[in-house]
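Biologist: Hi! Could you walk me through this one? I'd like to hear about the interface and then the cavities.

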Amino acid sequence: MVRLRTNRLGCPFVLRSLAAVALLAACTREKAPEQARQPAAAQLPASGAPQATAPLAPEDGQWVRPTKDYAGLRYSQLAEITTANVKNLKPAWTFSTAVLRGHEEPPIVVNNTMYILTPFPNLLYALDLTKPGAPVKWMFDPKPRSEAQGVACCDVVNRGPTWADGKIVFNTLDNNVVAVDANSGKQLWKTKVGDINTGETMTMAPLVVKNLVLVGNSGGEMGVRGWLKALDLGSGAVKWTAYSTGPDSSVLIGSRFKPFYPKDRGKDLGVSSWVGDQWMIGGGTVWGWVTYDPQLDLIYYGAANPGPWNPDQRPGDNKWTSTLFARDANTGEAVWAYQMSPHDLHDYDGVNENVLVDLPWKGQTRKVLLHPDRNGYMYVVDRTNGEVLSAQPYGYINSTAGVDLATGDLKYVASKHPALGEVVRDICPAAPGAKDWQPSSFSPRTGLLYVPHQNLCMDVESVEANYIAGTPYVGMNVIMKAGPGGNRGVVTAWDPVNGRPAWEIKEDLPVWSGALSTAGDVVFYGTMDGWFKAVDARNGTPLWQYKVGSGIIGQPVTYRGPDGKQYVAVMSGVGGWSGAIVAGNLDPRDSTAALGFAAAMADLPAKSTKGGTLYVFALP
Amino acid sequence: MRSARWVGERVSRCEQTLAIASVFVVALLFTACRREERRFRETPPSATPTTVRVSALQPGAMVDTTHVGNPYENNAYAQSEGQRLYNAYGCVGCHANGGGGMGPALMDDKWIYGSAPENIYTTIIQGRPNGMPSFAGKIPSYQVWQLVTYVRSLSGLTPAGGRSARSDDIMMYPGSQALPMHVKPVQSFRPPASEMP
């Protein structure tokens, strides 16, 4: 007779035993504590110790391109606003952009005129700084196609226009590169370089080097083949195209190509590191930052994630996605490449900024680039040859166990490898990385890199993705959450000489704005709940803050006005991938909304509303 | 005798219970028919776009839209097929699992182009100017109706009996493995003149 003798043992005993068994069963599901990597403890550099520097051009008081200079320092030598007087900063004037989506762009200031390029519909305003209240001089409407909004992965943002040779050059969401006369606002040329029907959009800020306009595409979540194109500044004609995948001839890999690591050497790796013709829809888009070294005459940029996100569907290293490229600035010819995240498992991309500095390194001064990658490592790369000098974690990492400096390999942790139909939990950093597009700033005075970033982890489930042209090609259910400590954002002042933070500021929400540093030793950044903040560049002490209308995800800039005063300007207007929950009215009851970002941002609608406004500050 | 009579009473009570139960079961079978119906040859009604209004604003007196109706509205099989197709055709890429992303949320009670089955059908077929692609000629019409069934289920517009009890995937809705049953169904057959995305 199969029957529990509950009468003899007593029901409570049986229940207790069952509970114990259940507990034991649950215990076996817990995995052994994982080996995580995290930044070394923050420590201020010793005064007088050797520090990183960068050559500076004489200060013109302008901000002619989003990075200000070619090296991507985002540093101004203006010093009227200092750590001592920044507390007196007051709004000087504001301007409404008439657009409610995420404002990631910086204002551009040239010849006493400020240029503002909005997110879609990409309106370009010219404001006359010589008149009180900076009235609109002209407005240019490129009339992008409305359907383009449907193929923009992470809000319909734009990262800024650029000024060159009397022209304002910018990209529209529907893949047009437009040049407008900076004085009159008349269109000079317009070149269509991509197709929304294959999922392409454009969101990056062009960089103009000599007579070439360098632009790249977006759409790594749509099965787009990434490229960087160079257009003639005078005519808009396409001079060359460097694809991120495919045969060497289309990647512009030739005799000058000398990668530092053997893993990046070989013929047609952009084809052979894929299965079949997957490279044609394999991603590697170029939507981040391009920087330029005039001495070496090389440009630097990162190619984005491979598609689809589901890694099991694309066996191989998937070159040249999640890769740093150094190319000849004139011909586009590749000089070296370094793939940071081969066979990228977690959308770690590679598009983050490359800040060009001179670094004292083992008794020598090396020309390096500082690249805070999405995978969580601060790559210090010799920019002459692609050698990785160091790769220290600047955020919490458990998905990889470091970078092998001898081989350049990223050591993936097998237990965090996504597998079809399985849920893999607590992968850190999450898909947007330890840091996304939001650009850092480097101060040659302090030798520190000011890195605005986030602290997020994720649970993922791989599902099969079907390729349908012009629609998402992702194959991953993602749910994001705050990383260890619970703070979703961090501002890190990185000491590249010692490979550790000098100081850190923990923020509740991801810090999705750019950073700005000045010769007054003030660092500016904004938060997604709308606080524009100034801190001491040397130690991170909070000095001043001002609450603006909507969350800040823009790039702060500073300039000298026609009246000789120093101004600081920033766009307010929450959105972007992190702010899509507000900009797109998403429903956070679905934790996978916005590719999983909405789950980590469910409180944002209570903390910021939409609204695009420029704020300009000055001392009284 | 005594015991026999007792047995007899017992049998009759049992028969009574059985009779009542079988009435219930038969009734249940009838109601469940449509829920589990699977058609081997599909003859779905064609949508009639001329009668599908995308604006509730009409000059003068209100003339209600002719409702085409969805043949699959109560059908669990069609809904689970709709869920499969929602993933296979990449709807999930933009609208996530109802919360939205590149495209608007589908699990809330805001419907830019209408929540009626024929509204959703025409939205899928025609596309919409702010980014919804047109799938005309790309998806067979019966699959579009299956998608309509699933899309409406995300905000609780389809009868609860036809909805799947639990999700097959990662737990997307906090506190529950099921589809959001707690969502209060909001019928808006006439699209509200709400904001454009």
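Modeller: Happy to; we can take the interface and then the cavities. Bear in mind that this is a predicted model.

Biologist: Good to know. How many residues does each chain bring to the contact?

Modeller: Chain A brings 30 residues and chain B brings 33 residues.

Biologist: And what area is buried between chain A and chain B?

Modeller: About 2400 Å², with carbon and sulfur atoms giving 54% of it. On the chain A side, P472(A), R589(A) and D590(A) supply 24% of the area that chain A buries against chain B, more than any other three residues.

Biologist: How many salt bridges are there between chain A and chain B?

Modeller: The count is zero. For polar contact, though, the rule finds 13 residue pairs across the interface of chain A and chain B, with both residues at pLDDT 80 or more.

Biologist: Nice. Which strands of chain A supply at least two residues each to the side that touches chain B?

Modeller: Those are β28 (456-462) and β29 (476-482) of chain A. The largest share comes from β28(A), with three residues.

Biologist: And how do the residues on that side of chain A divide by class?

Modeller: The side of chain A that touches chain B has twelve nonpolar, nine polar and nine charged residues.

Biologist: Okay, switching to cavities. How many of 30 Å³ or more turn up in the whole structure?

Modeller: The search finds seven. The largest cavity holds about 250 Å³ of space.

Biologist: Which residues are closest to the centre of the largest cavity?

Modeller: Out of 22 lining residues, the closest to the centre are C153(A), C154(A), R159(A), E221(A) and W287(A). By class, the lining of the largest cavity divides into eight nonpolar, six polar and eight charged residues.

Biologist: What about the second largest cavity, what volume does it have?

Modeller: The second largest cavity has about 80 Å³. It is lined by 15 residues, and the closest to its centre are C153(A), A594(A), L595(A), G101(B) and M102(B).

Biologist: So C153(A) comes up again there. Which element gives the largest share of that second lining?

Modeller: Helix α3 of chain B, residues 91-95, gives the largest share of the lining of the second largest cavity, with three residues.

Biologist: And how does the lining of the second largest cavity split by class?

Modeller: There are ten nonpolar residues, four polar and one charged in the lining of the second largest cavity.

Biologist: Great, thanks for the tour!

Conventions:
Residues are numbered from 1 along each chain as its sequence is written. Chains are lettered from A and ligands numbered from 1 in the order in which they are written. This is a predicted model: local features need pLDDT of at least 70, side-chain atom pairs count only at pLDDT 80 or more; totals for chains, interfaces and linings use all residues. Side-chain values use heavy atoms; hydrogens and water are left out. Contact means heavy atoms within 4.5 Å. Buried area is the accessible area (1.4 Å probe) that two parts lose on being put together, summed over both. A salt bridge is a side-chain nitrogen of Lys or Arg within 4 Å of a carboxyl oxygen of Asp or Glu. A polar contact is a pair of N or O atoms within 3.5 Å; within protein, one must be able to donate a hydrogen and the other to accept it, and residues adjacent in sequence count only if both atoms are side-chain atoms. Helices (H or I, at least four residues) and strands (E, at least two) are DSSP runs, numbered from the N terminus. Ala, Val, Leu, Ile, Met, Phe, Trp, Tyr, Cys and Pro count as nonpolar, Asp, Glu, Lys and Arg as charged, and the others, Gly among them, as polar. On a 1 Å grid over the protein atoms alone, a cavity is a set of points where a 1.4 Å probe fits but cannot get out, and a pocket is an open set with protein on both sides within 12 Å along at least five of seven lines; lining residues have an atom within 4 Å of a point. Grid points are joined across faces, edges and corners, and a volume is the space filled by probe spheres set on the points.
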